[in-house]
Amino acid sequence: MVEEPIAGNSERRRSRPRFVPVRSGVGNGGTPASPQSLQRGGMTAHVPAGRKPKLLDQVREAIRMRHYSLRTEEAYVHWIKRFILFHGKRHPLEMGEKEISQFLSALAVKAHVSASTQNQALCALLFLYRHVLDQNIGWLDDVVHAKRSQRLPVVLTRQEVIALLGALDGVHWLMASLLYGAGLRLMECLRLRVKDIDLAANQLVVREGKGNKDRVTMLPVSVKASLSSHLTRVRELHRRDLAQGFGRVYLPDALHRKYPNADREWGWQWVFPASQISTDPRSGEHRRHHVHESVLQKAVRAAARQAGLVKPAGCHTLRHSFATHLLEDGYDIRTIQELLGHRDVSTTMIYTHVLNRGGRGVASPADRL
């Protein structure tokens, strides 16, 4: 859902001009170059035959060409819309570093967004200018990134994890148990396919995780029986979908062309399918997707309240607790890094705060009085 612009003229918002990017040039101060100067410099607008797609359609095309995720596409389109509305629906080619800085400053000062949110907006605008408008000029490198804050993760004790999981049941308990027992991110759990589960070897294969990387992690023995029963019910649901003319699932890349019937096969089905048939936002096809992330998020928050937890526990808290408890059990940091799928060990090092170091490893002078 696109939020209202931070500022802007209401009269201007009534018009809906077509955004057809004309290569008018952007100066260092954000002032558009005149047509005469473009002619003198030998620059001409390149307009292909036929009607040129709208600006946001060009953004979507550039994102999909680079195989970015749907979430990245939605976020980038959202911030580009807000940037255009913030400046009274001016075309981005008429703006530059000055307008970007004004927009980012308003996000921080008026909207009070976090540094990570501000940097996400900046990344979306840099993508627009570099890869859509083809503005590879020096001022793009001079735009200042916000300094991200360093925060320690919220970690539950083992007793708190037991209380939280005890307040869940059914498929919600199963998904939350995988988040904690295998160290999965929320979307990694929801995107599991049947072929990625190896009950005999007690392992899960995480496909296209963060950074588009695959990895192998453990399958908790405590959930094997429940998971096996769950898969039996899911298979029966898949049979009913096939009988009703559905049963096809989304396949990555162009596998649906290479293997036309693979999307109907049992191995490619979601482990946690949605309860309803839905419409694919990109292809427009009607099929059963995986469970929406908000379903588990709401269930975990409700369970945390029911368990009486004071800490702000969410789905990702279970992953933090997984890493922390492995460290407490004496596993080395490199093993935990591999299980979590971190690119750099420095990311995993944040969990060392649970060891007897720092404030927990030093006796307070007040205790010696």
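Reader: Which residue in β2 is the bridge partner of Ile-197?

Author: Happy to walk through it; this is a predicted model, in which local features need pLDDT (the predictor's confidence in each residue, from 0 to 100) of at least 70, side-chain atom pairs count only at pLDDT 80 or more, and totals for chains, interfaces and linings use all residues. Residues are numbered from 1 along each chain as its sequence is written, and side-chain values use heavy atoms, without hydrogens and water. Strands here are DSSP runs of E, at least two residues long, numbered from the N terminus, and two of them pair if DSSP finds at least two bridges between them. β1 and β2 (residues 203–206) are antiparallel over two bridges, and the partner of Ile-197 is Leu-204.

Reader: Which strands stand at the edges of the sheet?

Author: The open, antiparallel sheet has three strands in the order β1-β2-β3. Two of them have a single partner strand each, so one side of each is left without a neighbour in the sheet. Those edge strands are β1 (197–198) and β3 (215–218).

Reader: Which element gives the most to the largest nonpolar core?

Author: Such a core is a set of buried (under 20% relative accessible area, 1.4 Å probe, protein chains only) Ala, Val, Leu, Ile, Met, Phe, Trp, Tyr and Cys residues joined through side-chain atoms within 4.5 Å. Leu-204 is among the members of this 50-residue core that touch the most others, as is Leu-178. Helices are DSSP runs of H or I, at least four residues long. With seven residues, the top contributor is α8.
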